[in-house]
Amino acid sequence: MGTIVSQMPVAEGKSVQQTVELLTRKLEMLGAEKQGTFCVDCETYHTAASTLGSQGQTGKLMYVMHNSEYPLSCFALFENGPCLIADTNFDVLMVKLKGFFQSAKASKIETRGTRYQYCDFLVKVGTVTMGPSARGISVEVEYGPCVVASDCWSLLLEFLQSFLGSHTPGAPAVFGNRHDVVYGPADTMVQYMELFNKIRKQQQVPVAGIR
């Protein structure tokens, strides 16, 4: 499965919700069928101050994420680092590790929306929220039959152009970094982490923590 996660800009003169409705209408006109809902969430943790030795040492950020496509898994991603895939008990473990990692205040960000199936493509259009307010729009497109992401980029691009038009994204970095490597769920979560951080920066909502 090759997957692309991208941000769709809000249409001029429209709200986030209205833009989502425009996108989903386009998909339905193409012949895509609704197949339930999805949710991806992310909470940010920073290294506890007590664990930092020398003055001026910067703490690390860790992103703990969930994806409704993988209900029994929890993903822990470090900035520019590895992605750990654990079971959902990892959330309980994070509470016990509060002496080492602390949850950043008001850091939870999530995207929720509808899943659509169109031939071999699975499309998810979501509203990204922080707290009570909508912050942006996420679009995820997965091409099921392909396991090496770089092999299906041209197909994904062609399909994305059919309903995103000029807002079609470029190939994600994860495609270029992994030639001939089998694509996995962690690669999708890295793309969501990058999308959420991009939206946070656009909203100028810094993650409260030690940098």
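Select Phe159 and Phe163 to begin: in this predicted model, both of these residues are buried. They share helix 3, where they stand four residues apart, about one turn of the helix.

Keep Phe159 in view and add Phe121, which belongs to a set of aromatic pairs whose count comes to seven. The rings of Phe121 and Phe159 are stacked, with 4.3 Å from centre to centre and 10° between the planes. If you colour by secondary structure, you will see that this pair links distant parts of the chain, since Phe121 belongs to strand 8 (residues 121-130) whereas Phe159 belongs to helix 3 (residues 153-164), the two being 38 residues apart. Are the two partners buried or exposed? Phe121 has a relative accessible area of 9% and is therefore buried, the cut-off being under 20%; Phe159, with a relative accessible area of 6%, is buried as well.

Phe159 also pairs with Phe163, and here the arrangement is tilted, with the centres 5.4 Å apart and an angle of 55° between the planes. To see the wider setting, extend the selection to Tyr118 and Tyr143, which together with Phe121, Phe159 and Phe163 form one aromatic cluster.

Move next to Lys60 and Phe78, and show their side chains. What sits over the ring of Phe78? The charged end of Lys60 is placed there, 6.0 Å from the centre of the ring.

From there, go to Ile85, which you will find in strand 5 (residues 83-87). With a relative accessibility of 45%, Ile85 counts as partly exposed, because this value falls between the 20% limit for buried residues and the 50% limit for exposed ones. Which residues does Ile85 contact once its neighbours within four places in sequence are left aside? They are Ser73, Cys74, Phe75 and Ala186. For Phe75, you can draw a line between the C-alpha atoms: Phe75 and Ile85 are ten residues apart in sequence, and their C-alpha atoms are separated by 4.7 Å in space.

Finish by colouring the chain by confidence. The protein chain averages a pLDDT of 86, and 89% of the residues score at least 70. Then select residues 205-211, over which pLDDT stays under 50; for this stretch the model has 22 contacts beyond four places in sequence, and a careful reading would keep those contacts together with the pLDDT under 50 that accompanies them.

Note on methods
Residues are numbered from 1 along each chain as its sequence is written. This is a predicted model: local features need pLDDT of at least 70, side-chain atom pairs count only at pLDDT 80 or more; totals for chains, interfaces and linings use all residues. Side-chain values use heavy atoms; hydrogens and water are left out. pLDDT is the predictor's confidence in each residue, from 0 to 100. Contact means heavy atoms within 4.5 Å. Rings of Phe, Tyr and Trp (its six-membered ring) pair if their centres lie within 6.5 Å; planes under 30 degrees apart count as stacked, over 60 as edge-to-face and the rest as tilted. Buried means under 20% relative accessible area, exposed over 50%, partly exposed in between (1.4 Å probe, protein chains only). A charge sits over a ring if NZ of Lys or CZ of Arg is within 6 Å of the ring centre and within 35 degrees of the ring normal.
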